[in-house]
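Please look over the structure below before reading my comments. They are set out as numbered points.

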Amino acid sequence: MAGSGVSGYIVAMAIASPSSGGPRRRRFRRIPVRTLAPNMVTLLAMCAGLTAIRMAFEGRYVLALAAIVFAAILDGIDGRLARFLKGTSRFGAELDSLSDFVNFGVAPALVLYFWGLHELKSVGWIAAMVFAICGGLRLARFNVMAEDPDRPAWASNFFVGMPAPMGAIAVLLPIYATFLGVQRSSVLIWSTLFYTLAIALLMISRLPVFSGKRVGTRVPPEMVGPVIVIVVLWIGLLIAYPWILLTLGTLAYLGSLPFGWLSYRRYQQRSREPMGEGIREGTRDTMLAPPGGGSGLSSSDQVNRPSRLN
């Protein structure tokens, strides 16, 4: 009897379902597709940046520049797509930063080096490295400042320093010029060296630059048609006259940098005006206070009184 009971118990244990008892395996939470779509766009942009490096190594600079421009367009799409699908995540933000460093830091630096900076030997390589490093520093500072809780709301209208995608598009201006017929010479190569360093410094500077994040978030119904026509026209011009459009766009963007600084200063002055008024009112209340050091308010009134300098 005892033996049959033991054998029956063993058989019951052998055929028992794992779900009937014991610790269960931890299952990973399924990831929604809406969070994968922006990351796929980011990875596609990274592939474009890596392809630009290969094309520059093979001397096919037209395709190299096209790949970098394509990566910049995708970089403007993935963030808006993530916000539209409500698929933003910490993983996506980190992946986007790494992709931007490859696409807009390493790739443009290597393209410039293979194109002409290699003629300056070590000096040209140092300039390419400085640009890539400044691109990494620019992205790291952006990630840190995005988490600043004390940053005012209006500051989201501006970048601190030239953004990495625009820095990558702007630093390639000498190559655009050669495609437009500018003679390649030692003067142009040395000018490219100093121009590359200047763009690198603008990327890590404290210069306020228009962000454009709020552009395109809301379109009035009567403007849907004109916006579509403008986008199609812009794509057509970019395909038909890429170097003219990129050259004019780069010059226009560089020319708009002082206006961004002026607009930032106006925002700062407006934000300081209420504080100045509060200080003046506080001074007036102090002058009208009763003698003897009293405030003229009860203890409950002092507790409920709002801070004028908040």
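The points below cover confidence, fold, packing, surface and cysteines.

1. This is a predicted model, and its confidence should be read first. The protein averages a pLDDT of 79, and 72% of the residues score at least 70.

2. Residues 281–310 have a pLDDT below 50. In the model this stretch nevertheless makes 14 contacts beyond near neighbours in sequence. Those contacts rest on a stretch with pLDDT below 50, and I would ask that any text on them say so.

3. The secondary structure consists of 11 helices and 2 strands. Read from the N terminus, the order of elements is α-α-α-α-α-β-α-α-α-β-α-α-α. Five helices thus precede the β element that comes before the next three helices, and three more helices follow the other β element.

4. On packing, 33% of the 310 residues are buried. Of the contacts with a separation of 6 or more, 83% join residues that lie 24 or more positions apart in the chain.

5. The exposed surface of the protein is about 20,100 Å². Carbon and sulfur atoms supply 68% of that area.

6. How many disulfides does the model contain? The count is 0, under a rule that asks for a pair of cysteine sulfur atoms within 2.5 Å.

7. Is Cys-134 buried or exposed? Cys-134 has a relative accessibility of 7% and therefore counts as buried, the cut-off being under 20%. Cys-47 has a relative accessible area of 46%, so Cys-47 is classed as partly exposed, a class that ends where exposed begins, at over 50%.

How values were computed
Residues are numbered from 1 along each chain as its sequence is written. This is a predicted model: local features need pLDDT of at least 70, side-chain atom pairs count only at pLDDT 80 or more; totals for chains, interfaces and linings use all residues. Side-chain values use heavy atoms; hydrogens and water are left out. Helices (H or I, at least four residues) and strands (E, at least two) are DSSP runs, numbered from the N terminus. Buried means under 20% relative accessible area, exposed over 50%, partly exposed in between (1.4 Å probe, protein chains only). Contact means heavy atoms within 4.5 Å. Accessible areas come from the Shrake-Rupley method with a 1.4 Å probe; for residues, only the protein chains shown count as cover. pLDDT is the predictor's confidence in each residue, from 0 to 100.
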